[in-house]
Amino acid sequence: MATERVVVVGGDAAGMSAASQARRLKGPQELEIVAFERGHYSSYSACGIPYWVGGQVPARDDLIARTPEEHRARGIDLRTRTEVLELDLDGRRVRARDLDGGSEYWTGYDKLVLATGARPVRPRLPGIGAHGVHGIQSLDDGQRLMTTLERTPGRRAVVVGAGYIGVEMAEALVGRGYEVTVLHRGPQPMATLDPDMGGLVHSAMNGMGIRTVSRAEVTEILTDEAGRARAVVTSKGEEYPADVVVLGIGVEPRTGLARAAGLPLGTSGGVLTDLSMRVRGHEDIWSGGDCVEVLDLVAGRTRHIPLGTHANKHGQVIGSGVGGGYATFPGVVGTAVSKVCDLEIARTGLRERDALEAGLRFVTATITSTNTAGYYPGAAEMTVKMLAERRTGRLLGVQIVGGAGAAKRVDVAAVALTAGMTVDQIVSLDLGYAPPFSPVWDPVLVAARKAVSAVRSAGV
């Protein structure tokens, strides 16, 4: 039996999970695996970078699950510092460049896996390429930021953007003793929440000493004589001094290779696949991780949701297919959690804007409760917002902002969304109770009760 070769483009979560799963199913005599990674590291937790920067994680290498050497010892030919420049689908080969040596060469494949990830959004602004301006997506990005922080004497930081990476990096920089200003374009931080819930985040961040400026459109980054960032300017002419600038505007799928090769892309630019993570219309090409779009099970359409949890699952599914087995990734409900200092933030399902875009008629219910019984020492407030379909009462989305224990409560809602439950059914859920863990009526159940009333009041 001839040995097949699979080429993997991208050496982080999706790519190396796929390679590892394929290797478990087939040995080197049956399947040769060649993986290309443009950075220095493999199989690391990009989600952990803010906590390394902030000092909660002591060392960079603590974020690495499996080194290139460990992958190679398992029979995977992982080539780091090597960037794939071109896909030749007709010739079934890829062109790669050794980034250190400069040489270029072609490598043929029988099966191809694209796991090229995402890249930080960098608007075309004067000064965006200055020293001291950092986007954070890869471990190499994190290392560059750490080097800047170690070499920069000033203690003023400006974070541009207030999404997950923005608020997490704000917390990290506060933890390092920086004076932090967060600038963002929207009415409130955390655009993944509805504005009323984002307002809670805004107030809490300001209370923590993080200056948070809404409706601030960045137009320029000013530099000094040495070409280093010194200030950020907004469209209102306001100038915010900065010794370091972190871009937390978001990420976009890194799909230049796929686009140039004519592979199908979705509305957000992510690669489109079927449930087995095969690229649509291409039997021997798979794709997963932050470069793909996934099915939103609530809205019924594809979305770009770059999360490590999805990427690792994609890799397992792809590796099974490459290795001769079969698995599927059915889709997501859009669950994500984060924190800024002591404030926990969570969401799953649809925001009001998402529901409107999907043509859904809905009601909302918002309640404030506590994470433990109110009389228990240390009880902290949390606010829960719930969206339900107007006619049926089907749960559409949940957002939670509050103290300790708030964020992971969203998992109950994520399961309910996946199961297609109504708010009536959620009210009857048999959740765990003891005073140190929740009130008699858990906040999620209280929100569901209020949502039931809203559905009944709204009628058809």
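**Notebook: helix H10, pocket, cysteines, phi**

I began at helix H10, where Val415, Thr418 and Ala419 are exposed on the other side, exposed being over 50% relative accessible area, buried under 20% and partly exposed in between, with a 1.4 Å probe and protein chains only. The buried residues of H10, which spans residues 410-419, are Val410, Ala413, Ala414, Ala416 and Leu417. They lie on the same side of H10 because they cover an arc of only 165° around the axis, the arc being that of the directions from the helix axis to the C-beta atoms. Helices (H or I, at least four residues) and strands (E, at least two) are DSSP runs, numbered from the N terminus.

I note that this is a predicted model, in which local features need pLDDT of at least 70 and side-chain atom pairs count only at pLDDT 80 or more, while totals for chains, interfaces and linings use all residues. Residues are numbered from 1 along each chain as its sequence is written, and side-chain values use heavy atoms, with hydrogens and water left out.

Next I looked up residues with positive phi. Most residues other than glycine have a negative phi. Arg81 has a phi near 55° and sits in the loop between strand S3 (77-80) and strand S4 (82-88); at 22% relative accessibility, Arg81 is partly exposed. Met277 has a positive phi of about 70° and belongs to the loop between helix H7 (256-261) and strand S18 (285-287); at 2% relative accessibility, Met277 is buried.

Met277 also appears in the lining of the second largest pocket, together with residues including Thr273, Arg280, Glu293 and Phe329. I take a pocket as an open set of points on a 1 Å grid over the protein atoms alone, where a 1.4 Å probe fits, with protein on both sides within 12 Å along at least five of seven lines, and lining residues as those with an atom within 4 Å of a point. The lining divides into six nonpolar, three polar and three charged residues.

I then searched the whole structure for disulfides, meaning pairs of cysteine sulfur atoms within 2.5 Å, and found zero. Cys47 is in no disulfide, and the nearest cysteine sulfur, that of Cys291, is 16 Å away. Cys341 is in no disulfide either, the nearest cysteine sulfur being that of Cys47, 19 Å away. Cys47 is partly exposed, at a relative accessible area of 48%.

Methods: Ala, Val, Leu, Ile, Met, Phe, Trp, Tyr, Cys and Pro count as nonpolar, Asp, Glu, Lys and Arg as charged, and the others, Gly among them, as polar.
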